[in-house]
Amino acid sequence: LHGEKDDNVPASEARLMIDAVTKAGGKVESHFEPDAGHWWDKDEKTPGADCVDWPGMWELFRGADATRCDSFSESNTLPTAVFNQAFLWRSITIEQRADYGRPSRVSVAWVSFAAVMISTENVRKFRWVPPTPYTGPTPKFVIDGQRVSGSRFLRNDRGSWEPVAASTGRPEKYPDASGPFKQAFTNRFLLVYGTAGDDAEDRELLEKARCDSEVWAYRANGDANLMSDAQFLAGDFTDRNVIVYGNADTNAAWSTVFDDDDCPIPAKRGAMIVNGTKHVGVVAAAFVRPRKGEGGALAAAFADTGAAATRLFYAFPVFGSGFGIPDYVVFGPGFLGEMDGDVRAAGWFDYAWRMR
């Protein structure tokens with residue numbers, strides 16, 4: 001779906017893809033809107049956007065959903081760089097990676113309706129769910145050359161696969177709560193700014209949280225639920241993701257959403273500790289964790305050491321679709337001069353939310 005006069009991504013790029021897929025034997029459905037640019041909504045009296053609500057796109061989605069599982073006899077391979085979960089034929093769900101930050105790969109070959117050959121790469125735990133329209137018995141599995149019975153499987157410390165019971169969630173990662181950082185912006189999330197600092201700190205935290213709520217409004221067309229730490233502590237917001245702005249000294253909600261004994265980046269006024277190293281001065285950190293006391297919610301922080309550090313986050317591309325952010329990033333003022341400059345630490349927590 002492309003506008004003929006798109007001056008952002010030329011329509012010629014779409015035609016190159018169509019040509020390549022067609023030559024490879026694929027069937028392509030396409031539509032090029034005359035006189036339209038990168039984004040269009042021609043009827044100003046009707047809310048919405050024509051390029052998003054284009055009927056042909058929804059017809060394609062409904063058709064793909066109905067015919068997705070039309071064969072069990074062929075092999076299929078799924079490489080994935082999505083860090084929380086991946087689906088294959090609606091039958092394989094990757095629940096945990098062996099090494100977060102690297103892509104995973106799953107190959108499935110149905111030898112028959114009763115036997116499935118599976119090979120994996122960078123997978124620690126996965127489960128099998130009978131795909132639609134399959135109604136036969138649970139098949140026998142051969143995983144990486146090893147015969148295993150069951151429906152949920154774990155690669156143990158010896159490197160062997162074994163059946164395991166259903167995941168209980170905490171304290172381990174699981175598909176709906178595993179990071180990376182952007183996953184915190186789901187589950188009816190709340191933006192909670194601190195009011196426990198001095199006037200300058202409180203002003204910067206409010207302005208940054210307000211800016212993020214406005215960016216979310218026009219990028220996602222959604223309500224970011226902005227509130228102060230006092231409002232959060234006075235309300236009932238169980239089972240919801242929470243993003244806090246500030247640190248343990250400036251945001252009164254900090255110790256409510258983060259476990260003091262398990263917070264990987266303790267941040268206070270003037271300093272924060274990252275993996276045993278103390279960083280002082282102007283330092284900012286973004287990270288995501290399981291929310292304290294909540295079974296399935298996440299807590300994330302725009303952590304800082306003071307008002308000057310809060311302003312560093314205006315150069316931090318949280319909502320840009322082309323930017324990937326891992327579970328945690330720690331950076332200093334050099335970040336303003338060069339996008340990847342002055343990054344003190346960055347990476348992914350392991351399956352048990354431990355910093356590597």
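This report walks through salt bridges, surface patches, cysteines and backbone oddities in a predicted model.

## Ground rules

Local features here need pLDDT of at least 70 and side-chain atom pairs count only at pLDDT 80 or more, while totals for chains, interfaces and linings use all residues. Residues are numbered from 1 along each chain as its sequence is written, and side-chain values use heavy atoms, with hydrogens and water left out.

## Salt bridges

Let's start with the charged pairs. The whole structure holds 15 salt bridges (a side-chain nitrogen of Lys or Arg within 4 Å of a carboxyl oxygen of Asp or Glu). One of them joins R269 to E201, with the closest N and O atoms 2.8 Å apart. That pair spans 68 residues, running from the loop between strand 16 (267-268) and strand 17 (271-274) to helix 3 (residues 199-220); helices (H or I, at least four residues) and strands (E, at least two) are DSSP runs numbered from the N terminus. R269 is partly exposed at 44% relative accessibility, whereas E201 is buried at 6% (buried is under 20% relative accessible area, exposed over 50%, partly exposed in between, with a 1.4 Å probe and protein chains only).

Helix 3 turns up again in the bridge between R311 and E204, 2.9 Å from N to O. Here R311 sits in helix 6 (residues 307-311) and E204 in helix 3, 107 residues apart. R311 is partly exposed at 40%, and E204 is buried at 7%.

Next up is D262 with R289, also a salt bridge, at 2.9 Å from N to O. D262 lies in the loop between helix 5 (254-257) and strand 16, and R289 in strand 19 (residues 284-290), so this pair ties together parts 27 residues apart in sequence. In this case the arginine, R289, is buried at 3% relative accessibility, and D262 is partly exposed at 43%. There's a network too: salt bridges link E95, R127 and R152.

## Surface patches

D43, E44, D50 and D53 make up a negative patch on the surface. Patches are built from residues with over 30% relative accessible area and no salt bridge, joining like charges within 9 Å and nonpolar side chains (Val, Leu, Ile, Met, Phe, Trp, Tyr) within 5 Å. Asp and Glu count as negative, Lys and Arg as positive, and His and the chain ends are not counted; each charge is placed at NZ of Lys, CZ of Arg, CG of Asp or CD of Glu. D53 belongs to the loop between strand 2 (32-33) and helix 2 (55-67) and is partly exposed at 43%.

A nonpolar patch comes from W58, L60 and F61, with about 300 Å² of accessible area together (Shrake-Rupley method, 1.4 Å probe, only the protein chains shown counting as cover for residues). L60 is part of helix 2 and is partly exposed at 42%.

## Cysteines

No luck for disulfide hunters: the whole structure has zero (the cut-off is a pair of cysteine sulfur atoms within 2.5 Å). C51, in the loop between strand 2 and helix 2, is buried at 10%. C263 is buried at 13%, while C211 is partly exposed at 28%.

## Backbone oddities

Most residues other than glycine have a negative phi, and most peptide bonds are trans. D239 has a positive phi of about 65° and sits in the loop between helix 4 (229-234) and strand 15 (242-246). D342 has a positive phi of about 60°, in the loop between strand 21 (328-331) and strand 22 (343-347).

The peptide bond from G179 to P180 is cis, with omega near 5°. P180 lies in the loop between strand 12 (161-163) and strand 13 (190-193).
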